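Subject: The structure, and what turned up in it

Hi there,

Here is the structure I promised to pass on. Have a look at it first, and then read on for my notes.

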Amino acid sequence: AIEIPEGLSLTAAAPLLCSGITAFKPLYENIGRYKDVAIVGLGGVACFAVKFAKSMYETVACVSKNSTKKEKAFQLGADSFYSPCELTPDIFDLVLLCSSATTDLNKILLSLRPNGKVVCIGVPSKEYCLAADDLVNNQKIIEGTNKGNMKLMKAMFAYAQHIRFDLDVDVWPIDRVNCAISQLSQHRPFTRNVMKISDDNP
């Protein structure tokens with residue numbers, strides 16, 4: 001069992017157990033190695049990534065094909081916003097690829113400085129085709145990640161309490177679970193749905 005720290009409500013803690021830990025893990029594991037971070041995509045996991053990265057790294061950028069997400073990116077704490085076509089070489093140290101949409105990974109790699117890293121979280125529908133010369137000559141890294149273990153969960157909750165982490169959450173009584181599920185089809189990536197089983201839970 002994981003103890004939820006005082007000051008962190010169950011409503012705030014619930015989404016951290018899924019999207020939260022997925023975003024937290026690669027950011028937490030790379031603290032001190034890099035300073036300028038980019039989050040590619042701005043869906044469910046990416047929202048957590050921007051919020052966590054803002055308190056861990058010097059600068060945080062959002063990269064998205066959808067310009068309508070620019071305002072939300074800045075609300076979450078991003079320092080800058082790029083469309084993929086605006087990326088230039090050598091501007092990031094660490095990139096979290098959160099989008100499952102097909103992305104030009106070579107463009108992302110070029111935006112990395114030498115010895116930089118791309119962490120793949122989203123799984124695209126098509127295979128990547130890489131230009132290996134930039135990857136090899138500039139010693140860049142591509143790795144995948146998944147959810148963390150119990151030790152990381154505890155670290156995440158302690159960190160979330162420390163920075164008073166919060167995101168928009170819709171709380172639903174359990175008897176309205178079908179309504180909550182129907183909301184998912186409306187593609188609202190910035191709001192998390194939390195089911196409340198008992199009125200005793202804060």
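Which residues in the largest nonpolar core touch the most other members? They are Leu16, Phe24, Leu27, Ile39, Phe52 and Leu96, in a core of 40 residues. By nonpolar core I mean a set of buried Ala, Val, Leu, Ile, Met, Phe, Trp, Tyr and Cys residues joined through side-chain atoms within 4.5 Å. Buried is under 20% relative accessible area, exposed is over 50%, and partly exposed is in between (1.4 Å probe, protein chains only).

Before going further, two notes on the source. This is a predicted model, in which local features need pLDDT of at least 70 and side-chain atom pairs count only at pLDDT 80 or more, while totals for chains, interfaces and linings use all residues. Residues are numbered from 1 along each chain as its sequence is written, and side-chain values use heavy atoms, with hydrogens and water left out.

**The core**

Several elements give two or more residues to the largest core, including helix H2 (19-29), strand E1 (36-40), helix H3 (44-56) and strand E4 (92-97). Helices (H or I, at least four residues) and strands (E, at least two) are DSSP runs, numbered from the N terminus. H3 supplies the largest share of this core, 8 residues. Try clicking on phenylalanine 52: leaving aside neighbours within four places in sequence, Phe52 is in contact (heavy atoms within 4.5 Å) with Leu16, Gly20, Phe24, Leu27, Met156, Tyr159, Ile163 and Phe165. Another core, of 15 residues, lies apart from the largest one, and among its members are Ala61, Leu105, Val118 and Cys120.

**The sheet**

Six strands make an open sheet with parallel pairing, in the order E3-E2-E1-E4-E5-E6. Two strands pair if DSSP finds at least two bridges between them. At the edges are E3 (80-82) and E6 (141-144), each pairing on one side only. From one strand to the next, the twist averages 20°; axes here are lines fitted to C-alpha atoms, for helices over the stretch in contact, with angles from 0 to 180 degrees between N-to-C directions. E4 and strand E5 (residues 112-120) run parallel and are joined by 5 bridges. Leucine 94 stands opposite lysine 117 in E5.

Helices pack on this sheet too. H2 lies across E1, E4 and E5, at about 160° to E4. H3 touches E1, E2 and E4, and its direction makes about 160° with that of E2.

**Salt bridges**

How many salt bridges does the whole structure hold? The search finds 7, each a side-chain nitrogen of Lys or Arg within 4 Å of a carboxyl oxygen of Asp or Glu. In one of them, arginine 113 pairs with aspartate 36, the closest N and O atoms being 2.9 Å apart. Arginine 113 is in strand E5 and aspartate 36 in strand E1, so this pair ties together parts 77 residues apart in sequence.

Arginine 113 also forms a salt bridge with aspartate 93, again with the closest N and O atoms 2.9 Å apart. Asp36, Asp93 and Arg113 are thus linked in a network of salt bridges. Are these three buried or partly exposed? Arginine 113 counts as partly exposed because its relative accessibility is 24%, whereas aspartate 36, at 9%, counts as buried, and so does aspartate 93, at 11%.

Finally, aspartate 166 and lysine 51 meet in a salt bridge through their side chains (3.7 Å, N to O).

Best wishes
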